[in-house]
Structures are given as structure tokens and as C-alpha cells.
Amino acid sequence: MKDENGETALMVAVESGHLSHVEEMAKMDGVDWETKNKKGESLEDVARKMKHAAVLEFLEQRKYEAVAEVATVARVVELPANALEAFEALEVKQSEEKEELNTCLEKEKEEFEKKQIQEKEDFEKNQSQEKNELEEKQNNAQSQIHQEFNMKMSKLEMKLEALVTSPAADHPTDHPTDHPTDHPTDHPTDHPCPVCMESMAPPSQIFHCPNGHLSCGVCKEKLPNCTICNQAIKGRATDMEQMLTTLYNME
């Protein structure tokens, strides 16, 4: 019996590669082992095309046994010699087809393994390249920050040196009894960031690490970890901000 596509249950089992189903049908009577599909393909042709090696081997073994049985009968009843020659030719053909199929499967396996190795090498190469690029960016950022820090430290040292050597330091005020609070200045003492040495005057945002080391908002974005203790800079130093706001009369 064939389905709407003109295929028997045996043909469907072979096409799907279900060896156990084919083996069970071999135990039944009345199964058409010479059936063909609409394309004129035999069971062996379909198994070979779908690369179901186990099914193909079973079909060829079954055909071999059937032909062997016929050959045995031929020997008994002394059939013509050409029947024996046909049997031997079938054996050779089956052996060649089996060898060809095994060679094809081995070749595909080898190509698949080569492809896997190449993909693994490409992945590792890309990972190494990305890692090197990231390390280079980090090193460049750290180098730039250190350069800026050194330049600002040099400027600060020059300012301090200028203050020490200024005439005002050699000639103190004529009114030593005056109190600083009697003459408030418009610019209180500067409070620089310990990292970039820029002023943290209001309304600057000030942050600190768990150990209390300060950092301005700009440096926090560039260096998320404290340059002194390497702890993460997270919290706002609100006490320092309020104190500077009071000193700068900005409340």
C-alpha cells in the first residue's frame, strides 16, 4: 500500500533512516522490497542519497542473502552459469558502493573537524586581539592622567615657590594686631583635588572612597578607583561640600 505521495511505509522508513522499523518489516510477509518512489529510486538509492549508512548496509545485506539463497538453489538445480556470474557481479558492486559510501563519510567528517579547528583558532585570535586593544586603551588613559597630574603638580610647585619668594613674605604687615576675621577675603584658601590639583570650590561635586580619600567629579569619571588605596570611589563627600560652601559664603 502506498500513501498519497506514492511511497510505501517501507520507503518512508528508509528515507527517515529508521533502521528498527525496516528490521521489523523484514520479519513480515508480503513486503515489497523492490518498490520505487515517483522518481524511480529504489530503497538502496534513497538510503544512499540520504546517507543512512546503517539502513543501506541492512538493505544490501538482505539483498545479498536473498541472492545467495538463489545462487544456492541455482547450484542445486544447475541453473545457467550466467546466473552465478550475475550473483558475483552483484557482490562486487555492493562492496564497491559500501567502500565509496564509507570514503564519503570519512571525508565529510575530516572537513567538519578542520572547520571546527579553524573556527576555534579564529575565535581565540579575536579574543587575544580585543584583550590587547583594551589593555592598550587602559595604559594610554593612565599615562594621560599621570601626565596631566605631573603638569599640574609642576604648576602648583611654581605657585608655591612664587609665594615663598614674593616681597610680601619679606615685609610682613604693619598691623600685626589685625585679625583675619576683621578683613574677610573674597577668595578663601583654595581646596584642590588630590588627583588633578584643580579647585574643588562650589558648586563642584566631591566624592570619596571608603577610606575617606577625596576626588573631584571629573577624576571620578576617569579613575573610578582611589589613586591612593585603590578602593572604589562611590559616595559623595557632602560634609566637605557643605564646609566649602560655608567658606565661600555660598549658602
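Helices here are DSSP runs of at least four residues, numbered from the N terminus. With that in hand, welcome to a few close-up views of this predicted model.

**View 1. R48 and D45 pair up within helix 3.** These two residues form a salt bridge, and their closest N and O atoms lie 3.3 Å apart. R48 and D45 sit 3 residues apart in helix 3 (residues 43-49), so about one helical turn separates them. Both partners are partly exposed: R48 has a relative accessibility of 25%, while D45 has a relative accessible area of 34%.

**View 2. R48 also meets E60 in a salt bridge.** Here the N to O distance is 3.7 Å. This pair links distant parts of the chain, with R48 in helix 3 and E60 in helix 4 (residues 53-77), 12 residues apart. E60 counts as buried because its relative accessibility is 7%, and buried means under 20%.

**View 3. K98 and E57 join helix 5 to helix 4.** The salt bridge between K98 and E57 brings their closest N and O atoms to 3.5 Å. The two residues are 41 apart along the chain, K98 belonging to helix 5 (residues 81-164) and E57 to helix 4. K98 is partly exposed, with a relative accessible area of 39%, and E57 is partly exposed too, at 45% relative accessibility.

**View 4. Shared partners build a network of salt bridges.** Which residues does this network join? D45, R48, E60 and E97 are linked into one network by salt bridges that share partners. For the wider picture, the structure holds 12 salt bridges.

How values were computed. Residues numbered from 1 in each chain as written. Predicted model: local features only at pLDDT ≥ 70, side-chain atom pairs only at ≥ 80, totals over all residues. Heavy atoms only, no water. Salt bridge = Lys/Arg side-chain N within 4 Å of Asp/Glu carboxyl O. Buried < 20%, exposed > 50% of the residue type's maximum accessible area, 1.4 Å probe, protein only.
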